[in-house]
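Me: I would like to go through this model with you, from its surface to its cysteines. Please reason each answer through before you give the value or name.

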Amino acid sequence: MVSGLIALTACAGNDTPVNARSSGTTTTIAAPSCAKPATCTTRQLADAAGVLFGTAVSLQHLDEPDYQKTLLETFNSVTPENDLKWAAIHPKPGVWNFGPVDDLVAFAEKHHLAVKGHNLLWDQAPPSTSTTPKWVLAIKDPQRLRVVIRDHIATLMGRYRGKIDRWDVVNEPLETLGSAVQKNHFWRVLGNDYIAEVFRIAHAADPRAKLFINESTVEFMPAKAAALVALVKGLVARHVPINGVGIQAHLVSGTVDAARLEQLVGDLEALGVEVAITELDVPATAAVGPLQVQARTYAQALGACFVKRCREVTLWGFTDRYTWIDGAFKKGLAPLPFDVNYRPKPALDAIRQRLAAILPSN
Ligand code: G3I
């Protein structure tokens, strides 16, 4: 987390490097200077407000000058969109494709960005769309699967120890459109307790990292939200080492019930875990004033986080030029705060206002 020290200096015209604490590791960050919120970059506002404002990053675009410039001016945290997923980084037994994540981590170190690890375990249905590779899906012996999971997690968390300070340990443990635990490969082979087991493995691999469950669609499905709260409550009660919960918030309807989201953030925080919004995007679906509705929705989502203790909002990309929504839904829903030519949209202004509203001077 970005420190209060930065919060005090960032918008005050101070170029002196200060120390920021991130999950126990100390990094030197050059506090940026900007005289008042209107002249701050969005990243400076986030630093000054003491929040992580992040984006998913597609490694293949990182060399594009406009992509990189916009990213660096806007965010203080990055999450690899796909390159850490099991099938991408560990596609075959003993075969590791560390290159893209190594590059992102080096980029992040150079530019003083935090990095979130997404993700250690995620098996979606059907198997053809799973980000767990076929060789892992073929393991039916529980002891063998445990050994393989332990090796996968220990290798990744060991390699990026001190560089990736928080991890999505289990992604989407609940059914996408239901509230039961997803009966995925890990559940079938290891049993109902696989989630607790994997968190313990992750904690052993890097005791200082923050460990998250990351879940989708809870912001509009009350029964699923309640199931998530119950799941986390059970883990906490058994002292499973879980530090946080990510609410993805792909707001595919283009709107959000802010009161419900705020309630969910509060219910989870009451269990003693951190809450973050981890994959926010807002398709511009409204027939009238779509960009204004989109801006308001972004503001509501950030507001529902900041009104509680929640101090991380990560967007699932930032330019409409590159968004998973184009492939998964229909093209042109333009869900992000910069357009295809990296021009800021009203949503960016709304985000900036939310960040400015929580600056320490307010
Ligand atoms: O790797 C191939 C590449 O070789 C080929 O050129 C390209 C052409 O289509 O396809 C590539 O793979 C795609 C990959 O994205 C990289 O672009 C996969 O087919 C595609 O399924 C994959 O989709 C990703 C999806 O997760 C599944 O992993 C999306 O980019 C990514 O945004 C999405 O992110 C998820 C989060 O991880 C979890 N929460 C939901 C979110 C949205 O689905």
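Me: How much of the area that the protein exposes do carbon and sulfur atoms supply?
Reply: This is a predicted model, and the area discussed here is computed from it. The protein exposes about 14,600 Å², and of this area the share supplied by carbon and sulfur atoms is 55%.

Me: What radius of gyration does the protein have, and why does it agree with a compact globule?
Reply: The C-alpha atoms fill a box of roughly 60 × 45 × 40 Å along the principal axes. For 362 residues a compact globule would have a radius of gyration near 21 Å, which agrees with the value of the protein, 20 Å.

Me: Which cysteine is joined to Cys-34 by a disulfide?
Reply: A search of the whole structure finds two disulfides. In the one that contains Cys-34, the S to S distance is 2.2 Å, which lies within the 2.5 Å cut-off for such a pair. The link has 75° about the S-S bond and is right-handed, and Cys-34 is buried, as is its partner, Cys-40.

Me: Is the link of Cys-305 and Cys-310 right-handed or left-handed?
Reply: The sulfur atoms of Cys-305 and Cys-310 are 1.9 Å apart and form a disulfide. Cys-305 has 0% relative accessibility and therefore counts as buried, while Cys-310, at 1%, also counts as buried. The angle about the S-S bond is -90°, and the link is left-handed.

Terms used
Residues are numbered from 1 along each chain as its sequence is written. This is a predicted model: local features need pLDDT of at least 70, side-chain atom pairs count only at pLDDT 80 or more; totals for chains, interfaces and linings use all residues. Side-chain values use heavy atoms; hydrogens and water are left out. The radius of gyration is taken over C-alpha atoms; the globule rule is 2.2 Å times the number of residues to the power 0.38. Accessible areas come from the Shrake-Rupley method with a 1.4 Å probe; for residues, only the protein chains shown count as cover. Buried means under 20% relative accessible area, exposed over 50%, partly exposed in between (1.4 Å probe, protein chains only).
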